[in-house]
Amino acid sequence: MYGSPRLAAASRPRRHPEKGLSAPTEPAAGRPPVIWTLEAEKPGDNAQIEAVANAIGLPWQRRRLAMRPEWRIAKPEIASDIGHLDLAAGDPLEPPWPDLIVTSGRRLFNAALWIKARSPGTKLVLVGRPHGHFEGCDLVIAAPQYRLPPRDNVFNLVLPLLFPDRKRIEVASADWRDELEAMKRPLTAVLVGAQTRPFRFGPRDARSMMRRIARATGGEGSLFVTTSRRTPPEVADAIAAALAPSDRLFRWQPEATRNPYLALLGLADRFVVTGDSASMMVEVARLGRPLALYELPPDLRPGRWRRHAKRALAGAIRTVMGDSEELLRRLRLAGNRDMTALHRRLYAAGRAVRLGRPWPAATQTGLDDEMAEVARRVRALLPES
């Protein structure tokens, strides 16, 4: 369990220089508000952060932060602290402090809390979940898989704030058009993520997915499979072994100069997406493209079944009692994201099916977005210019 950000920050040792300390100042009258985004290496998080920043309709500045090697995967406890940052590798965090911060994720949330400790007038908008630290945020914008309780400073979304960049899709489609149009139709794009708690996705599951795709397509057309930053090599190997000669596989590499992902969003006829990736699922759905989800199987290894039992119990309590987050927190059943909640939203909207069912028809319009209300809520936090 985590303590409050203030207590955690006071009790833990400092692992960073005390730079940027200054007395908090009020926004200067007559100037436009200063808006920062705090971003790191996760493209899905960055896309949502920038969607909010762009919706505000005012200039904003990006602060790209880097993590120390030991924190590139590990997650620190919630605290007003930047000891996990590689300060030399990222953009500076120093005054003059912004009027508003937009960020996402535990590690960047800590950095935002550190700034707020030095500039109490700075407003903080968190896209995601605050892990129980609601008091540290002026506004929480939460995707459905987090199932946050209704609060004055919480805006629960119908879908995550993930929007495909249509201009970049057009450019990529032009670059890849000859190659993709030469493939047998219908062209099925398979967008692959990775194992995420409490689910598994190893080589055996990848082979099972490929068999299910073969049954769903009836062997017609061709597949173009692309992995992602999180996909293990052994999963990609299992997929490669299941492909027909007419199919293609792109193995994600950080140094790759040509990535087919955006072109597939523009040119593929239908899609299969692994159910771990909110960004890939929602981007396809917002484009109105035919989408089937491969729901990852539960990880039932010894010791892991307890997570599933707790998740099932929490779901039953929510169904019976509605707003029950305080009870769930006391029972230590709250806090886990529920990706199946996002799946159900997509199924209910008619924008996705489970893999194996007929693909839904394409539509000319994406799902309605909630950006107007998000922008209104965020602008209400800003000082008048």
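**Exercise 1. The chain as a whole**

What share of the 385 residues in the chain do buried residues make up? Work this out for the predicted model, and then describe its secondary structure and contacts.

*Solution.* Counting a residue as buried when its relative accessible area is under 20%, one finds that buried residues make up 50% of the 385 residues. The secondary structure comes to 12 helices and 12 strands. Turning to contacts with a separation of 6 or more, 69% of them join residues that lie 24 or more positions apart. The accessible surface of the chain, finally, comes to about 18500 Å², and 52% of this belongs to carbon and sulfur atoms.

**Exercise 2. Two helix pairs**

Determine how helix 8 is oriented towards helix 11, and how helix 2 is oriented towards helix 12.

*Solution.* Two packed helices are described by the angle between their axes and by the distance between the axes.

Step 1. The axes of helix 8 (residues 278–286) and helix 11 (residues 339–348) come within 11 Å of each other and cross at roughly 10 degrees. Because angles under 35 degrees count as roughly parallel, helix 8 is roughly parallel to helix 11. On the side of helix 8 the contact is made by A278, M281, V282 and A285, and on the side of helix 11 by M339, L342, H343 and L346. Sorted by class, the residues of this contact are seven nonpolar, one polar and no charged.

Step 2. For helix 2 (residues 43–56) and helix 12 (residues 371–379), the axes come within 9 Å and cross at roughly 75 degrees. Since 65 to 115 degrees counts as roughly perpendicular, helix 2 and helix 12 are roughly perpendicular to each other. Here A51, V52, A55 and I56 of helix 2 meet M371, V374, A375, V378 and R379 of helix 12. The classes in this contact are eight nonpolar, no polar and one charged.

**Exercise 3. The surroundings of R200**

Locate R200 in the chain, decide whether R200 is buried, partly exposed or exposed, and list its contacts.

*Solution.* Step 1. R200 sits in the loop that runs between strand 7 (187–191) and helix 5 (203–217).

Step 2. Its relative accessibility is 23%, so R200 counts as partly exposed.

Step 3. If neighbours within four places in sequence are left aside, R200 is in contact with Q195, D205, L296, P297, P298 and D299. With D205 there is a polar contact between the two side chains, at 2.9 Å, while the backbone oxygen of P298 is reached by the side chain of R200 at 3.0 Å.

Step 4. D276 lies 76 residues from R200 in sequence, yet the C-alpha to C-alpha distance between R200 and D276 is 9.8 Å.

Notes:
Residues numbered from 1 in each chain as written. Predicted model: local features only at pLDDT ≥ 70, side-chain atom pairs only at ≥ 80, totals over all residues. Heavy atoms only, no water. Helix = DSSP H or I, 4+ residues; strand = E, 2+ residues; numbered from the N terminus. Buried < 20%, exposed > 50% of the residue type's maximum accessible area, 1.4 Å probe, protein only. Contact = heavy atoms within 4.5 Å. Areas by Shrake-Rupley, 256 points an atom, 1.4 Å probe, with all protein chains shown as cover. Axes fitted to C-alpha atoms, helices over the stretch in contact; angles between N-to-C directions. Parallel < 35°, antiparallel > 145°, perpendicular 65-115°, else oblique. Nonpolar A, V, L, I, M, F, W, Y, C, P; charged D, E, K, R; others polar. Polar contact = N/O pair within 3.5 Å; in protein donor to acceptor, adjacent residues only side chain to side chain.
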